[in-house]
Amino acid sequence: MVEQKDKYRPCVGIMLFNKQGHVFTGKRFDSNSYWQMPQGGIDDGEKLEQAALRELLEEVGTDKAKIIAKNKDWIYYNLPEEVIPTCWNGRYSGQKQRWFLMKFYGEGKDININYTDHPEFKEWRWQSVDNLVAGAIPFKKEVYKAVIEEFSSQIKVSIIK
């Protein structure tokens, strides 16, 4: 049994949408079939908004976005038991996330998933909100449902503006 197995890694998630209301998703290097929205850990002393903007730049390679909203509460998810020992050296059993809704103001050329020396994604695409849950890894599906429920009306309003 790993010590601290019941701990959750603090993390931010980003639902980045474009002018058409489609959401950015990437296919991770360690996945052949699942697509996810950008997310990542919060550094010590880092504010949530700072972490979200840093992760956007690191994973999507752009700063051409504006924060529209932040979800109200932490959303928790557990990793599958077999993954815990290999993920974050077994230190966490899952993540607690605060999600940010961001509107992308750039063009396709403003996205660079190879922005860092250690990119997260091997492919990216814009996809309909309706397809986010279907393409997600099973243990994140409930998280995506909660994020969509909280942000969907704000996306519709922001597309019109």
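Of the 161 residues in this protein, 47% count as buried. Keep in mind as I go that this is a predicted model, so everything I quote is computed from it.

Let's stay with the overall picture for a moment. How does the radius of gyration sit against what a compact globule of 161 residues would have? The rule puts such a globule near 15 Å, and the protein has 15 Å, so the two agree. Along the principal axes, the C-alpha trace spans about 50 × 35 × 35 Å. The accessible surface comes to about 8,800 Å², and carbon and sulfur atoms own 48% of that.

Now the secondary structure. There are three helices and eight strands. Reading from the N terminus, the order is β-β-β-β-α-β-β-β-β-α-α. How much of the contact map joins residues at least 24 apart? Taking contacts between residues at least 6 apart in sequence, 75% join residues at least 24 apart.

Let me zoom in on helix α1, residues 48–60. The helix has 13 residues and reaches 17 Å from its first C-alpha to its last, which is close to the 18 Å expected. Which of its residues are buried? They are Leu48, Ala51, Ala52, Arg54, Glu55, Leu56, Glu59 and Val60. You'll spot some charged names in there, including Arg54 and Glu55, and I'll come back to those two shortly. As for what the buried residues pack against, the partners are strands β1 (8–17), β2 (23–28), β4 (39–41), β5 (65–70), β7 (94–104) and β8 (121–127). Just after the helix comes Gly61, with a positive phi near 75°.

On to the charges, as promised. How many salt bridges does a search of the whole structure find? The count is 12. Let me walk you through a few of them.

Start with Arg54, which pairs with Asp43, their closest N and O atoms being 3.5 Å apart. Arg54 belongs to helix α1 while Asp43 sits in the loop between β4 and α1, so this pair ties together parts that are 11 residues apart in sequence. Arg54 is among the buried residues of the helix, whereas Asp43 is partly exposed, at 42% relative accessible area.

Next is Lys72 with Glu150, where the closest N and O atoms are 3.9 Å apart. This one links distant parts of the chain: Lys72 is in the loop between β5 and β6 (75–78), Glu150 is in helix α3 (residues 141–160), and 78 residues separate them. Lys72 counts as exposed at 64% relative accessibility, and Glu150 is partly exposed at 24%.

My third example stays within one helix. Glu142 and Lys145 meet through their side chains at 3.1 Å, N to O. Both are in helix α3, three residues apart, which means about one helical turn lies between them. Glu142 counts as exposed, with 55% relative accessibility, and Lys145 is partly exposed, with 41%. Some salt bridges also share partners: Asp43, Glu46, Arg54, Glu55 and Glu58 are joined that way into one network. So that is where Arg54 and Glu55 turn up again.

Now the cysteines, for anyone thinking about disulfides. How many disulfides does the search find? Zero, across the whole structure. Why is Cys11 not in one? The closest cysteine sulfur belongs to Cys87 and is 11 Å away, too far for a bond; the cut-off used here is 2.5 Å. Seen from the other side, Cys87 is in no disulfide either, and its nearest cysteine sulfur is the one in Cys11. Cys11 itself is buried, with a relative accessible area of 0%.

Last topic: backbone angles. Most residues other than glycine have a negative phi. Which way does phi go at Trp88, positive or negative? Trp88 is not a glycine, yet its phi is positive, about 55°. Asn89 is another non-glycine residue with a positive phi, near 55°. Trp88 is found in the loop between β6 and β7, and Asn89 lies in that loop between β6 and β7 too. Trp88 is partly exposed at 26% relative accessibility, while Asn89 counts as exposed at 73%.

That's my tour, and I'm happy to take questions.

Methods: Residues numbered from 1 in each chain as written. Predicted model: local features only at pLDDT ≥ 70, side-chain atom pairs only at ≥ 80, totals over all residues. Heavy atoms only, no water. Buried < 20%, exposed > 50% of the residue type's maximum accessible area, 1.4 Å probe, protein only. Helix = DSSP H or I, 4+ residues; strand = E, 2+ residues; numbered from the N terminus. Expected span 1.5 Å × (residues − 1). Contact = heavy atoms within 4.5 Å. Rg over C-alpha atoms; globule rule 2.2 N^0.38 Å. Areas by Shrake-Rupley, 256 points an atom, 1.4 Å probe, with all protein chains shown as cover. Salt bridge = Lys/Arg side-chain N within 4 Å of Asp/Glu carboxyl O.
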